[in-house]
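Reader: Could you take me through one helix packing in this model, and then through what else is worth a look around the fold? I'd enjoy a close reading.

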Amino acid sequence: MTEKKKFYLTTAIAYTSGKPHIGNTYEAVLADSIVRFKRQQGYDVRFQTGTDEHGQKIEIKSKEAGVTPKKFVDDVSGQIKNIWDLMNTSYDKFIRTTDEYHERQVQKIFKKLYEQGDIYKGFYEGMYCTPCEAFFTPSQLVDGKCPDCGRECQPAKEEAYFLKLSKYADKLIEHINTHPEFIQPESRKNEMMNNFLLPGLQDLCVSRTSFKWGIPVDFDEGHIIYVWIDALSNYITGLGYDTDGNSILENGQDLFSKYWPADLHLIGKDILRFHTIYWPIMLMALGLPLPKQIFGHPWLLQNDGKMSKSKGNVIYADDLVKIFGVDAVRYFVLHEMPFDNDGVISWELITERVNSDLANTLGNLVNRTISMTNKYLFGIAEDKGVTESVDEELKALVTAAPDKVIAKMDALRVADAISEVFSIFKRCNKYIDETEPWILGKDESKKDRLSTVLYNLIESITTGASLLEAFMPETTEKILTQLNAQKKSLEDMRTFGGYISGTKVTDKPEILFMRQDVKDVLAKAEEIIASQITVDNTDDTKESVINIESKPEITFEDFEKMQFQVGEIIACEEVKKSRKLLCSQVKIGSEVKQIVSGIKQYYTAEEMVGKKVMVLVNLKPAKLAGVLSEGMLLCAEDDKGGLALVTPEKDMPAGAIIC
RNA sequence: GGCGGGAUAGCUCAGUUGGCUAGAGCACACGGUUCAUACCCGUGGUGUCAAGGGUUCAAAUCCCUUUCCCGCUACCA
């Protein structure tokens, strides 16, 4: 036997800003089902997951909570790990970006890239356009101005480090074109190509000085390594990668040499850009091979709108598990999630699925099979070889199932793979109807036929249960225990008849999945929602403060340069073909200015009219979506991007100075 | 605005390079059955395959136009 083929799979590392909801948990379960299946196929699997723990958001959150950032992430990371464990995810490695070896290695990676010139120290001065949040090389500037908006670029406030994405862009384009399987689903490939790669990559700013909670650049005090450089590196630091070329061994094993490159990075579709552009370029710069495949999976959404804490309708895995059990929750998220469209979850849907598929089709099948075996055969079904033509159809379907499942899993069609497994159970139910064992049981002369029928059923269920292992490992065990059967290898499933003839099944069949009443479930959900809201109200008072990054101090002269006045909106219309813009005619004194603002999502054109607002009047005019804008309406913005116009507290005439 | 994807049964979706009466699951209704968790099996759709036009012996499938949805991206003075 040759050496086992390796399979290295990673999930994205979960951000430790709070408890993960069912949508986040889905990814870990999906990953788990894939690696469990790979193990079944005989691969030497490495499954890594973990938590991403740095960044300004966490610095702020921990401050609000009144604890150190480290204490904060220790708690949340622990919580995430608990949920992953609860869901029975069989990871080999749970990495934390605050792990010492990781931090040290990220510093070394940063330093190596700096020393070889792929990361360079740059300046914002004359090159960084703050409103565009874009960095430009001198050659990209048009008359020294931002090529996008044509305005002056920001003078230098601070130094920063940049990663030369442009240097590797052509190589990456080439790689993507020659490896169609690299980005999955393939539709995502176009988005990356058309939006980023083909227009030309801008170098990426990879350091920050505005906060402290991160990995410091060890050769330049005050600079913190960009969280994505930090986070993405986990895929190699978790294997003991060392820039020196000598991997750090784990139990004497060089995991990095063995497992890298990753076979699959499983991530949410929202972070595809980081994984298909920045990460491959980092690897190229490090001289390492690229991962074989990156799959940006869709999301699990709630059908009554987005999950939000304040609504109290967030669904958490542990709440679902309390009602339905671990395997039912695993089944639901895996089954309900299509390959490239978002899936939907609700208490009603999961109840329906559990009842229909798990309680009825599967649970009842196992139960009725064992009951009949006990009732008619004292628990022992022997293969007496009394076959009929209907048997062939059953056998053909069952023995063909493993290859069908393998094909679906190879294509990452996990939901379809599960359906293939369930086709076995459905066929079994039909087989019972066709063979009518309760009639055979009444006729002593049909006893051998009856025994054969039940043997065929038990054998089929054994195959089905064994195939279910990747998706619902506990259920597999439960079924096999009740049948007193051995788990089958994929190879053994291809031949019918592995169940040892004459084995005695349990005489006390246990219900695998209880049928749930939708009303009961909803009542329980109500309780959970109520408790969430209580918790959140306390959270809300804590979260009613927003901390933002401080800007450098300005002088009174700087302030005096800006002219603010009260303006009255006398007309307003939507800017056609723009998603966010409204165009207002604003009366300021006797003058009327046209001002374009990105507030369409929050105000209709009609309700804008008549409002008195605060206006920055002497801002240099600019064109937005081709429309001239001669000033700026001041708005307050919350942490979710919600906007509110700032208006005078008492009525003031249009044109009144604001000072 | 740019690029891409989608619109198929009440709901969620399949429909391979255009080819036989357009399918599955769920829900619903009826029938059968009783071993079983009121379960299982069977039967039931006149669906303008978004609309209009074109190519073809043949179009849900290819082309054009229109409408509406979604994703990424830009705009947010």
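Author: Happily! In this predicted model, helix α5 (residues 165-178) packs against helix α10 (residues 272-286) with an angle of about 100° between them, and their axes are 10 Å apart. That angle lies in the range from 65 to 115 degrees, so α5 is roughly perpendicular to α10. From α5, the residues that take part are Leu 165, Tyr 168, Lys 171 and Leu 172. On the α10 side they meet Ile 277, Pro 280, Ile 281, Met 284 and Ala 285. Sorted by character, the residues of this contact are eight nonpolar, no polar and one charged.

Let's turn to the strands. Three of them form an open sheet in the order β5-β8-β10, with antiparallel pairing. Its edges are β5 (119-123) and β10 (204-205), each of which pairs on one side only. Between β5 and β8 (residues 159-163) there are five bridges, in the antiparallel sense, and Ile 119 stands opposite Leu 163 of β8.

Finally, the cores. In soluble globular proteins, nonpolar side chains tend to be buried together. Here the largest nonpolar core has 139 residues, and Leu 9, Val 206, Ile 225, Val 333, Leu 334 and Ile 461 have the most contacts inside it. A second core, separate from that one, has 18 residues, including Cys 583, Met 608, Leu 633 and Ala 654. Back in the largest core, Leu 9 is a good residue to click on: beyond its neighbours within four places in sequence, Leu 9 is in contact with Ala 31, Ile 34, Val 35, Phe 47, Ala 262, Asp 263, Leu 264 and Leu 266.

How values were computed. Residues numbered from 1 in each chain as written. Chains lettered and ligands numbered in written order. Predicted model: local features only at pLDDT ≥ 70, side-chain atom pairs only at ≥ 80, totals over all residues. Pairing = 2+ DSSP bridges. Helix = DSSP H or I, 4+ residues; strand = E, 2+ residues; numbered from the N terminus. Core = buried A, V, L, I, M, F, W, Y, C linked by C-beta atoms within 7 Å. Buried ≥ 20, exposed ≤ 12 C-beta atoms within 10 Å, placed from the backbone. Contact = placed C-beta atoms within 7 Å. Axes fitted to C-alpha atoms, helices over the stretch in contact; angles between N-to-C directions. Parallel < 35°, antiparallel > 145°, perpendicular 65-115°, else oblique. Nonpolar A, V, L, I, M, F, W, Y, C, P; charged D, E, K, R; others polar.
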